[in-house]
Every structure is written in structure tokens, then in C-alpha cells.
Amino acid sequence: MNNALRITAFAAALAATFGTAYGVGRSADPLVAAEDRPAQQHGGHGGGEEGGAKPAADHAPGGLQISEGGYTLDLATPTVRAGARTEIRFAVKDDSGRKVTAYQREHGKELHFILASTDLTQYRHLHPVRAADGTWSTPVDLPEAGGYRVFADFTPAAAGAGNLTLGADLAVSGAYRPAALPAPGTTAEVDGYRVVLGGELRAGRSGELKLSVSRNGRPVTDLQPYLGAYGHLVALRSGDLAYLHVHPNEGGPGPEVSFTATAPSAGTYRLFLDFKHEGKVRTAAFTVRVAEPGNDGGGHREGGAGAPAGHAH
């Protein structure tokens, strides 16, 4: 069989696989989406605030493993096509192979599902729906081909279970055009909003990150709650996409929202801030560099967010 015929046969088999997966997903009875239920606790991922679940390991980066603590992320849809709206299906299984159906709620959700490209230029915070059998599903439409990583951030309801972030690889087929990581900076522009990053992300030590939101030169003082807080921040390490637990701090509806985070190591990180205003959620992204401990001259530059080489966006 020549190469053209092999490719055609593979494409047909892949299409048949997706058709079967989609049919199974549609046949499962979905439960009410988590965002439609009243939030019961407002701890950050890993429970940085009173009442939240305790992290499985303080400041340990998550998402680097597919199994941990007796739980495994089972990604039933490991491949999707760029530019095509499809459905991602997955489950969390316990050490007996059973799908988990009971979770603690954190930030109004049973589970947070994050998706990012390996070059960190694409990012999605998705809201999957859980079926009664423990299968999660969410629609997705990714414009760029390449390698991606998905993260499931959750705390099982089982006694003694801690917060976990499990990760799995996702392939997005299509014409792949590698992109360079955006330059480090402390300013981002999104939909007419200007977001300025202050504070510092430090290796091995907790630090406060402050993000100020403005529009048309005026501070935005009426941010709306999103996932139990006035902002939601995800930090990913460039290279291996280690997922950082970032905890929101108490505060008002703007213009500034703050978070406490610890970088597990020196390196380059990509920060994604989701904030809600006038009924719409927007995402501001930043690239920051974190120096080795002790290599910052003993001072911590306010507004540096690590060691930025310049302003992005």
C-alpha cells in the first residue's frame, strides 16, 4: 500500500473512532454543569484559604504526571483536529479502575479543566459537564495544530484525599506552525482592557502577584466574581508545563486583584488571568522569568513579577 493509501486509511479509522466516542458522549445523561450550582466553598485550588481542601503537597508543581495518589486521568479523546469543533471526553479513575463520581467543590466547581499548547500561546479554561457514570465532556475548538497538555484540577470526596492536578497530552492535528514564547512583560491588552502585573513570582518562596485592570485609562472598580473570586490565575512553567497552585487573596471588585504563588524553580513561566466584567470573561496573559534563589541581589523589585526583559503586548 502506497503512502497516500495508508494516510487515507488512517484518516478513515480516526474518523470512525471519533464518531463512536461522540455517540457515547451524547448518550450519557449529563448532570447539571458545576457553574449552575451554588458555590459552597471559596478556597483556591489546593485550598489556600480557610475552609478549602489541603494540598496533597505544598507548592509541588502539578500536571506533570497522569497518575498520583491513587487516581489516574483517563483521556478518552487524545487527538482532535485544528479548527474543528469537537468534544473532549475524560474521566478520573481510582486505584480500582472505577470512575470517580464524587468530588469536593472548590471555587464553585467539582473539577477545573485547563488546556494549553506546549508553546503556551493557546490557553483555555473549560467547564466540562459530568455524566452520572463519571465521564466528563466539554466542547472545544482549537485554531492551532500542535502538542497540547490538559490538566484536571480536583479534590476527590473520599476521606483523606487531597487536591490533585493530573495532566495528559493532547494532539491537535493539522498544519503545525511553531510559535515563539511571547517576550516577558508586565502589561497585557485584551478587548480594550489594560492589565498591569505587579509583585513578584519567586522560586521556592511564596510571593504576592498583583494585577490591576483598567479600561480607557480608568481603573475598573466593578469586576464581577468569577469562580468564587474577582479573578482566576493559572501559572504554567515553560518547557514541561508544570502547573502551579495559585491562591486568590481576599479583596474587593477591583481595580486590583492579588494572588499568592510559589514558583517551584527558576525558569520562564506563563501567567493567565481570567477576569469578568460586564458579563464576559476575558483572559490576560503574561510571560515572566524567575531567577535562582539568591540571585536577585537581595532585593525584590515591585512590579517586576520575576525578571522581565521588557513589556509585552
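**Exercise 1. Sort the side chains of strand S2 by face, and say which are buried.**

Solution.
- Step 1. This is a predicted model. Strand S2 covers residues 71-75.
- Step 2. Tyr71, Leu73 and Leu75 share one face and are buried.
- Step 3. Thr72 and Asp74 point to the other face and are not buried.
- Step 4. Side chains in a regular strand alternate between the two faces of the sheet. S2 shows such an alternation.

**Exercise 2. Place S2 in its sheet: which strands pair with it, and in what sense?**

Solution.
- Step 1. Take S1 first. S1 and S2 are antiparallel, with two bridges.
- Step 2. Find the opposed residues. Serine 67 faces threonine 72. Glutamate 68 faces tyrosine 71.
- Step 3. Look at the turn. The S1-S2 hairpin has two residues between its strands, and glycine 69 there adopts a positive phi near 60°.
- Step 4. Now take S4 (residues 86-94). Five bridges link S2 and S4, again in the antiparallel sense. Threonine 72 stands opposite lysine 93 in S4.
- Step 5. Assemble the sheet. Its five strands run in the order S1-S2-S4-S8-S7; the sheet is open and its pairing antiparallel.
- Step 6. Identify the edges. S1 (67-68) and S7 (129-130) each have a single partner strand, so one side of each lacks a neighbour in the sheet.

**Exercise 3. Describe the open sheet that contains S3 and S10.**

Solution.
- Step 1. The order is S3-S10-S9-S5-S6, five strands with mixed pairing.
- Step 2. The edges are S3 (79-81) and S6 (123-126), each paired on one side only.
- Step 3. From one strand to the next, the twist averages 25°.
- Step 4. S3 and S10 run parallel and share three bridges. Arginine 81 has serine 173 in S10 as its bridge partner.

**Exercise 4. Is threonine 165 buried or exposed, and which residues does it touch?**

Solution.
- Step 1. Threonine 165 belongs to strand S10, residues 164-173.
- Step 2. The relative accessible area of threonine 165 is 2%. The cut-off for buried is under 20%, so threonine 165 is buried.
- Step 3. Set aside residues up to four places away in sequence. Threonine 165 then touches Gly62, Gly63, Gln65, Glu68, Phe151, Ala152, Asp153, Tyr243 and His245.
- Step 4. Glu68 recurs here. Glutamate 68 is also the residue opposite tyrosine 71 in S2.

**Exercise 5. Explain why strand S18 counts as largely enclosed, and find its partners.**

Solution.
- Step 1. S18 spans residues 256-262. Five of its seven residues are buried, so the rest of the structure largely encloses this strand.
- Step 2. S13 (residues 206-215) runs antiparallel to S18 and is joined to it by seven bridges. Lysine 210 stands opposite serine 258.
- Step 3. S17 (residues 247-248) is also antiparallel to S18, with two bridges. Proline 248 has phenylalanine 259 as its bridge partner.

**Exercise 6. Map the largest nonpolar core, then examine phenylalanine 275 and its surroundings.**

Solution.
- Step 1. This core has 28 residues; Val195, Leu201, Leu211, Leu271, Leu273, Phe275 and Phe286 touch the most other members.
- Step 2. Strands S11, S12, S13, S15, S18, S19 and S20 each give two or more residues to this core.
- Step 3. Apart from it lies another core, of 26 residues, including Tyr71, Phe113, Trp136 and Tyr148.
- Step 4. Beyond four places in sequence, phenylalanine 275 contacts Val190, Tyr193, Val195, Val213, Leu223, Tyr230, Lys280, Val281, Arg282 and Ala284.
- Step 5. Follow Arg282. Arginine 282 lies in strand S20 and is buried, at 11% relative accessible area. Its side chain reaches the backbone oxygen of lysine 280 at 3.4 Å. Its contacts beyond four places in sequence include Asp191, Asp274 and His277.
- Step 6. Turn to histidine 232 in S15. Histidine 232 is buried, at 3% relative accessibility. Its C-alpha atom is 6.6 Å from that of phenylalanine 275, although the two residues are 43 apart along the chain.

**Exercise 7. Which stretches have pLDDT below 50?**

Solution.
- Step 1. The chain averages a pLDDT of 81, and 75% of the residues score at least 70.
- Step 2. Residues 1-44 fall below 50; this stretch has 53 contacts beyond near neighbours in sequence.
- Step 3. Residues 46-59 also fall below 50, with 29 such contacts.
- Step 4. Where pLDDT is low, predicted coordinates should not be read in detail.

Methods:
Residues numbered from 1 in each chain as written. Predicted model: local features only at pLDDT ≥ 70, side-chain atom pairs only at ≥ 80, totals over all residues. Heavy atoms only, no water. Helix = DSSP H or I, 4+ residues; strand = E, 2+ residues; numbered from the N terminus. Buried < 20%, exposed > 50% of the residue type's maximum accessible area, 1.4 Å probe, protein only. Contact = heavy atoms within 4.5 Å. Pairing = 2+ DSSP bridges. Axes fitted to C-alpha atoms, helices over the stretch in contact; angles between N-to-C directions. Core = buried A, V, L, I, M, F, W, Y, C linked by side-chain atoms within 4.5 Å. Polar contact = N/O pair within 3.5 Å; in protein donor to acceptor, adjacent residues only side chain to side chain. pLDDT = per-residue confidence, 0-100.
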